[in-house]
Amino acid sequence: MRKNIVAGNWKMNNSLNQTKTLIGDLIVELKGVELVNTRVIIAPSFVNLQEAIKGTENNEIEVVAQNMHYAENGAYTGEVSAEMLSSIGIKTVILGHSERRAYFNETDEILTQKVTAALANNLDVIFCFGEQLEDRESENHFNIVEAQLKNVLFELPTNAFKNIILAYEPVWAIGTGKTASADQAQEMHSFIRKTLSEKYNAELAESVSILYGGSVKPNNAEEIFSKPDVDGGLIGGASLKAKDFSAIVKAI
Ligand code: PEP
């Protein structure tokens, strides 16, 4: 059975002390919450990953990275490799976030290299994708999403999908306070599963967790998560507040 997942993308927020405090607060908020078939994930910045791993020892919060470079090592000033992440105990990396695509020019070609490098280094991938507002307004959103999946993931062998979590994030809903309706999320998630089933097979399509991302908050999480093809969320802004993030976890 595929897992439910609530993942917090902290982006470029939280100093070392703020990281420790937020983790401490989260542990308090989540104490006694029974996580049935559910993973809780946080993605702090690179510099705070080790402290976050230390702070979450002995509980069920997983720490993942927000990004990585595709090269194994070398002259890439300021970058971090998959092996470096593995070496400190990171097991999963977010790739393809719309902010990486928009501000750091991450193309499908670059993301293909990143996904390949992550999997080769035994890192699981949370792969983000989603359409822009104009794509939805021109009713091109299904084509865009299909192309994003096809261009980056569809050369992978079937068994690679054991290590991939999908995160559908319509760009117009990220950090804007606008959210896709639960029905819009379900419609796209069901389309994604159908696309996976056609390219691979039904069993694989049923096994992959598909998260929704885009202004998920405590007041809308339950409705979005109630949809059959929505297996949880990738949460930005609301993941920076322990009470809000834990309320979203409890909504799954
Ligand atoms: C995100 O950045 O992945 C995201 C979903 O952000 P927010 O929840 O703030 O819209």
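**Ligand surroundings and nonpolar cores**

In this predicted model, a backbone N or O atom of S215 is placed 2.8 Å from an oxygen atom of the ligand. Taken alone, the ligand exposes 290 Å², and 98% of that area is buried by the protein. A backbone N or O atom of G175 also faces the ligand, at 2.6 Å from an oxygen atom. In the case of H97, a polar side-chain atom is involved, and the distance to an oxygen atom of the ligand is 2.8 Å.

The ligand is surrounded by 14 residues, of which K11, E169, G175, S215 and G237 come nearest. By residue class, this shell consists of eight polar, four nonpolar and two charged residues.

Attention now turns to the nonpolar cores. The largest of them comprises 67 residues, and within it the most contacts are made by F127, L153, F161, L166 and I192. The element that gives the most to this core is helix α8, which spans residues 182-199 and provides six residues.

The surroundings of L166, one of the residues with the most contacts inside the largest core, can be described in further detail. When neighbours within four places in sequence are left aside, L166 is in contact with F127, F129, L149, L153, I192, L196, V208, S209, I210 and L211. Three of the residues just listed, F127, L153 and I192, are likewise named among those with the most contacts inside the core. Another core lies apart from the largest one; twelve residues form this second set, including I5, A7, V64 and I165.

Definitions and conventions
Residues numbered from 1 in each chain as written. Predicted model: local features only at pLDDT ≥ 70, side-chain atom pairs only at ≥ 80, totals over all residues. Heavy atoms only, no water. Near = heavy atom within 4 Å. Polar contact = N/O pair within 3.5 Å; in protein donor to acceptor, adjacent residues only side chain to side chain. Areas by Shrake-Rupley, 256 points an atom, 1.4 Å probe, with all protein chains shown as cover. Nonpolar A, V, L, I, M, F, W, Y, C, P; charged D, E, K, R; others polar. Core = buried A, V, L, I, M, F, W, Y, C linked by side-chain atoms within 4.5 Å. Buried < 20%, exposed > 50% of the residue type's maximum accessible area, 1.4 Å probe, protein only. Helix = DSSP H or I, 4+ residues; strand = E, 2+ residues; numbered from the N terminus. Contact = heavy atoms within 4.5 Å.
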